[in-house]
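Biologist: Hi, I'm new to this one. Could you walk me through it, starting with how the strands pair up?

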Amino acid sequence: MAKMKTLSILVCAMLLNAGCNDDSKKPSAMKAASSSKFDSKPASKPKPKPTPKPAPKPNLKPFPRPFPIPPVVPRPTPTPKPTPNNPIKPVASSNFNQPVFQAFGYKWVARDSSWKAGGPQPNRKWSAKNVVVHSPNNVELKITKDRSGEPVASEMVSVDSMGYGTYEFAFEGNFGNFDNSAVFGLFTFNWLDNKHPGYQEIDAIEISYWGTPKLTGKATYYPHEEHPVTNPDYLWPKDLKKGIVRLKWSAGRIEWTYLNGVTKKVVYTTSKTQNVPVPGQQQMHINLWNYRGGDWKHAKEESVRVTAFKYTPAAK
């Protein structure tokens, strides 16, 4: 028994000695503790992260301009120009309580016996229907016949009065084939002066046979009623269908110029300084009517077209 106990003690001692010398069987934590405790080299510290460098600042210097910017100067408001409908303030205006139509940039009314019967038409007959506006620059004036067979005339009148300045008309018609009593006229006339109707009339032209074989264009004016100042008649060529008339009216002087409407060549010119009318309430009139000295009772129908009209006021 004593031997058995001694053997057991020896075996246990051997086994214990073998377990203490085998480092592989020790826990890893103990190995780490033993290594850190007895290792002669200190443990290395973690390297600090580098501090990021700040981004470079942008160049905020202004970009140099090739030239300085001029200051903005406001443009002055342009002065409005006079319109053709009213180039100057008229001395007088009247539509005689009648319908108004536009032509050549101006306002007009058409004469009718219902409100303005009378001369120079011998039978005093006028019809507003005989003024036909084909376009703003094409107005036709007619002589027609009524149910009794008598001629009915036509006339257009400007709403505004006109004075010193230049008047220019363009027109066309078969004047060589005119009835011997037909008259085409362009003239200033004062309907607004009831005491002296027709006073200060200026005829730019009146084309007619005047009851004779000669086709003439008359340039006449009336400083006083029924006392005309006349110029030598211009013999209007019977084959001249298109014409241009220019009337220049100034203080103490009137000038007439007639042109061929096709070639624009001047065919007649004259002037007068005797008893020249002064501006008043004269309106512009354009008409087609019958002369009493011709065979007006048997007159045939006629037609003339006005294709242009312009009034340029005289400079003050």
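Modeller: Sure. This is a predicted model. Let's start with β8, which is joined to strand β17 (residues 283-290) by 8 bridges, with the two running antiparallel.

Biologist: Okay, and what is the bridge partner of Gly185 in β17?

Modeller: Asn287 is the partner of Gly185 there.

Biologist: Which way does β8 pair with strand β9, parallel or antiparallel?

Modeller: Antiparallel: β8 and β9 (residues 201-208) pair over 6 bridges. To find your place, look for Val183, which stands opposite Ser208 in β9.

Biologist: How many residues of β8 are buried?

Modeller: 8 of the 8 residues in β8 (residues 182-189) are buried, so the strand is largely enclosed by the rest of the structure.

Biologist: And which residues sit on each side of it?

Modeller: One side has Ala182, Phe184, Leu186 and Thr188, and the other has Val183, Gly185, Phe187 and Phe189. They are all buried, which leaves both faces of β8 covered.

Biologist: Phe184 caught my eye. What does Phe184 touch?

Modeller: Leaving out residues up to four places away in sequence, Phe184 touches Phe171, Phe175, Phe178, Ile205, Glu206, Ile207, Ile286, Asn287, Leu288, Val304 and Val306. Phe184 is also one of the residues that touch the most other members in the largest nonpolar core, along with Trp108, Phe169 and Phe309. That core has 47 residues.

Biologist: What do nonpolar side chains tend to do in soluble globular proteins?

Modeller: As a general point, they tend to be buried together.

Biologist: Back to this model. Which residues are in the other core?

Modeller: That one lies apart from the largest core and has 7 residues, among them Val157, Val159, Phe189 and Trp191. Trp191 also has a charge over its ring: the charged end of Lys116 sits there, 4.8 Å from the ring centre. Elsewhere, Lys218 lies over the face of Trp210, at 5.7 Å from the ring centre.

Biologist: How many aromatic pairs are there in the whole structure?

Modeller: A search finds 22. Take Trp108 and Phe309: their ring centres are 5.6 Å apart and their planes are at 75 degrees, so this pair is edge-to-face.

Biologist: Where in the chain are those two?

Modeller: Trp108 is in strand β2 (residues 106-110) and Phe309 is in strand β18 (residues 302-313). They are 201 residues apart, so the pair links distant parts of the chain.

Biologist: Buried or exposed, Trp108 and Phe309?

Modeller: Both Trp108 and Phe309 are buried. Another edge-to-face pair is Phe171 with Phe175, at 5.9 Å centre to centre and 85 degrees between the planes. Phe171 is buried at 2% relative accessibility, and Phe175 is buried at 0%.

Biologist: Which residues share an aromatic cluster with those two?

Modeller: Phe178, Phe184, Tyr234, Trp236, Tyr258 and Tyr268 join Phe171 and Phe175 in one aromatic cluster.

Biologist: Switching to charges: how many salt bridges does the search find?

Modeller: It finds 8 in the whole structure. One of them is between Lys125 and Glu150, with the closest N and O atoms 3.1 Å apart. Lys125 is in the loop between α3 (113-116) and β3 (131-135), while Glu150 is in the loop between β4 (138-145) and β5 (151-152), so the bridge ties together parts that are 25 residues apart in sequence.

Biologist: Which residues are linked in a network of salt bridges?

Modeller: Lys125, Asp146 and Glu150 are linked that way. Lys125 counts as partly exposed at 25% relative accessibility, and so does Glu150 at 27%.

Biologist: What about Lys300 and Glu302, what do their side chains form?

Modeller: They meet in a salt bridge, at 3.0 Å from N to O. Lys300 is partly exposed at 33% relative accessible area, whereas Glu302 has 10% and counts as buried because the cut-off is under 20%.

Biologist: Last one, zooming out. How many helices and strands does the protein chain have?

Modeller: The chain has 3 helices and 18 strands. Of its 316 residues, 37% count as buried. Among contacts between residues at least 6 apart in sequence, 64% join residues at least 24 apart.

Definitions and conventions. Residues are numbered from 1 along each chain as its sequence is written. This is a predicted model: local features need pLDDT of at least 70, side-chain atom pairs count only at pLDDT 80 or more; totals for chains, interfaces and linings use all residues. Side-chain values use heavy atoms; hydrogens and water are left out. Rings of Phe, Tyr and Trp (its six-membered ring) pair if their centres lie within 6.5 Å; planes under 30 degrees apart count as stacked, over 60 as edge-to-face and the rest as tilted. Helices (H or I, at least four residues) and strands (E, at least two) are DSSP runs, numbered from the N terminus. Buried means under 20% relative accessible area, exposed over 50%, partly exposed in between (1.4 Å probe, protein chains only). A charge sits over a ring if NZ of Lys or CZ of Arg is within 6 Å of the ring centre and within 35 degrees of the ring normal. A nonpolar core is a set of buried Ala, Val, Leu, Ile, Met, Phe, Trp, Tyr and Cys residues joined through side-chain atoms within 4.5 Å. Contact means heavy atoms within 4.5 Å. A salt bridge is a side-chain nitrogen of Lys or Arg within 4 Å of a carboxyl oxygen of Asp or Glu. Two strands pair if DSSP finds at least two bridges between them.
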